[in-house]
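Me: I have a fold open on my screen and I'd like to learn how to read it. Could you walk me through it, feature by feature?

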Amino acid sequence: MGVLQLLKSQFLCHLIICYVFVVSGLIINLLQLCTLPLWLVSKQLARRINIRLAYCVSSQMVAALEWWSGTECTLYTDPKSYPLYGNENAIVVLNHSFEIDFLCGWTFCDRFGVLGSSKVLAKKELAYVPIIGWMWYFLEIVFCKRKWEEDRRTVAQSLQNLRDYPENYWFLLYCEGTRFTPKKHQVSMQVAESKGLPKLKYHLLPRTKGFWVTVQNLRGTAAAVYDSTLNFRNNESPTLLGILNGKKYHADLYVRRIPLEMIPEDEAECAAWLHKLYQEKDSFQEHYTQTGCFPGPTVSPPRRPWSLINWLFWCCLLLYPLDNILNVLSLTLSFTASLGVRWMIGQTEIDKGSSYGNKEVPLNRN
Ligand SMILES: CC/C=C\C/C=C\C/C=C\C/C=C\C/C=C\C/C=C\CCC(=O)SCCNC(=O)CCNC(=O)[C@H](O)C(C)(C)COP(=O)(O)OP(=O)(O)OC[C@H]1O[C@@H](n2cnc3c(N)ncnc32)[C@H](O)[C@@H]1OP(=O)(O)O
Ligand SMILES: CCCCCCCCCCCCCCCC(=O)OC[C@@H](O)COP(=O)(O)O
């Protein structure tokens, strides 16, 4: 193990990273709160300010991935679509099998300049996670309870609010609705069988209602669906704790740009289209398993320095008062921050995931 790698695994380094993340995050949350009156005067200005404030938080995690752990992210995509990425609104459909898949998504957002403004259809529980969840409230992230009867109205309304958003964004949808586990896979394949749908090997059966409502409400605003399939080389199982320890991973993302006009408007046809998409995604994962790569050329955008510069700025600002690192108050604060971050990281761990999708459903076999 090299000296640098040894340093990255030191608890003191983790304490400092957690301290900077928590204190800067809370400062940003406070600043976001101060923008509330501005929403009444100029909504678009308030949105633009919040995009930049949010960047200060989420880019710290991107910096940890790109600069601290040195994780490599490779993009497989059609070179003709490449110039459009970041220059239009898009709905991103991503597989949900890895604890850091959202962070790899954020990395690409940063590389295409849409990190501060990007959105997701997120489970309601995440709205209460300090810093990230609170920040999302000001970014107009769309939350759902994963109960369609309650979600259909609120999700549609939140999506309508995004129609006049002042900057380009990617709207991320994990159509599987929950992280992949063998048990959830087994249950969802029973549902697939009961619906007469082909079985998937690498994905859970997609939930189609969220996709349909998103496409319908963002039609005319979003130009395309980016069908994205993520995998890691050498069967890596990346975690946030691994990133914090400076472990380097190798992410491969395969993206196909599909113009929104190609997606059927009718709900049943749209659902069938999504099921077919997931069958194709499954075949891409099979290709990856067999060959170690996705089909097509790679055109990776380079990592940008802004996430690192932002991180260093906050480190300098917040570590200056800590010059006497043995100061008892500072250490107590760092420990508390570290415990808080450990709890937040727990939210990303699949073992601690929800039971959504675990329950066997009564099957209606025709
Ligand atoms: C160039 C680079 C390109 C790309 C870069 C990549 C990415 C970057 C992009 C953006 C990044 C931005 C931000 C990211 C930051 C952080 C993200 C972090 C995390 C948040 C993620 C989450 O919280 S995921 C969980 C919440 N989201 C969802 O659940 C979305 C999917 N779900 C739906 O759409 C649902 O339909 C719903 C939530 C709207 C409603 O849920 P409900 O449970 O009520 O669903 P359904 O009505 O769909 O369910 C009933 C129907 O489903 C059938 N059923 C029953 N059991 C199962 C089962 N186990 N599996 C599948 N289907 C099942 C049932 O039979 C019903 O069928 P019907 O025929 O009646 O529909
Ligand atoms: C540089 C500082 C590093 C500090 C790390 C701070 C950690 C903050 C983590 C908060 C991240 C919140 C996003 C979690 C996304 C996620 O993974 O959600 C899971 C849901 O999709 C599905 O849930 P489930 O049904 O349980 O599978």
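Me: Let's start small. In which helix is Met 61 found?

Reply: Met 61 is found in helix H4. Keep in mind that this is a predicted model, so everything we say here is computed from it.

Me: And is Met 61 buried or exposed?

Reply: The idea is to count neighbours: 20 or more other C-beta atoms within 10 Å makes a residue buried. Met 61 has 21 of them, so it counts as buried.

Me: Which residues does Met 61 touch, leaving aside neighbours within four places in sequence?

Reply: Those contacts are Leu 103 and Trp 106. Both of these residues are among the buried ones in H5. For a distance in the other sense, take Gly 2: Met 61 is 59 residues from it in sequence, and their C-alpha atoms are 23 Å apart in space.

Me: You brought up H5. How many of the residues of H5 are buried?

Reply: For a helix, you go through its residues and tally them. In H5, 10 of the 11 are buried, so the rest of the structure largely encloses this helix. Among them are Asp 101, Asp 110 and Arg 111, as well as Phe 108 and Cys 109. Just after H5, look at the backbone of Gly 113, which takes a positive phi of about 75°.

Me: Now the nonpolar core. Which residues have the most contacts inside the largest one?

Reply: A core is read as a network of buried nonpolar residues, and you look for its hubs. Here the largest has 90 residues, and the hubs are Ile 91, Val 92, Met 135, Phe 171, Leu 173 and Leu 253. Helix H4, residues 43-68, gives the most to this core, with 12 residues. If you centre on Leu 173, its contacts beyond four places in sequence include Ile 91, Val 92, Leu 121 and Phe 211.

Me: There are ligands too. Which residues come nearest to ligand 1?

Reply: With a ligand, read the shell: who is in it, where they come from, and what class they are. Ligand 1 has 40 residues around it, and Gly 105, Trp 148, Gly 177, Arg 207 and Gly 210 come nearest. H5 gives the most to that shell, with 5 residues. Other elements supplying at least two residues each include strand E2 (90-94), helix H7 (148-161) and helix H9 (209-218). By class, the shell divides into 26 nonpolar, 8 polar and 6 charged residues.

Me: Which elements supply at least two residues each to the shell around ligand 2?

Reply: Helix H2 (11-34), H4 and helix H13 (328-346) do. That shell has 22 residues, with Thr 178, Arg 179, Met 344, Gly 353 and Ser 354 nearest. They split into 14 nonpolar, 6 polar and 2 charged.

Me: What does the UniProt annotation cover?

Reply: An annotation is a label from a record, so check its range against the model. The unreviewed UniProt entry places "domain: Phospholipid/glycerol acyltransferase" on residues 90-212. Over that stretch the chain is 40% helix and 14% strand, with the end C-alpha atoms 14 Å apart.

Me: Last one: how many helices and strands does the protein chain have?

Reply: The chain has 13 helices and 7 strands. Its radius of gyration is 21 Å, close to the 21 Å from the globule rule for 366 residues, so the chain is as compact as a globular protein of that length. Buried residues make up 39% of the chain.

Methods: Residues numbered from 1 in each chain as written. Chains lettered and ligands numbered in written order. Predicted model: local features only at pLDDT ≥ 70, side-chain atom pairs only at ≥ 80, totals over all residues. Core = buried A, V, L, I, M, F, W, Y, C linked by C-beta atoms within 7 Å. Buried ≥ 20, exposed ≤ 12 C-beta atoms within 10 Å, placed from the backbone. Helix = DSSP H or I, 4+ residues; strand = E, 2+ residues; numbered from the N terminus. Contact = placed C-beta atoms within 7 Å. Near = placed C-beta within 6 Å. Nonpolar A, V, L, I, M, F, W, Y, C, P; charged D, E, K, R; others polar. UniProt positions renumbered as here; feature names shortened; annotations may be inferred. Rg over C-alpha atoms; globule rule 2.2 N^0.38 Å.
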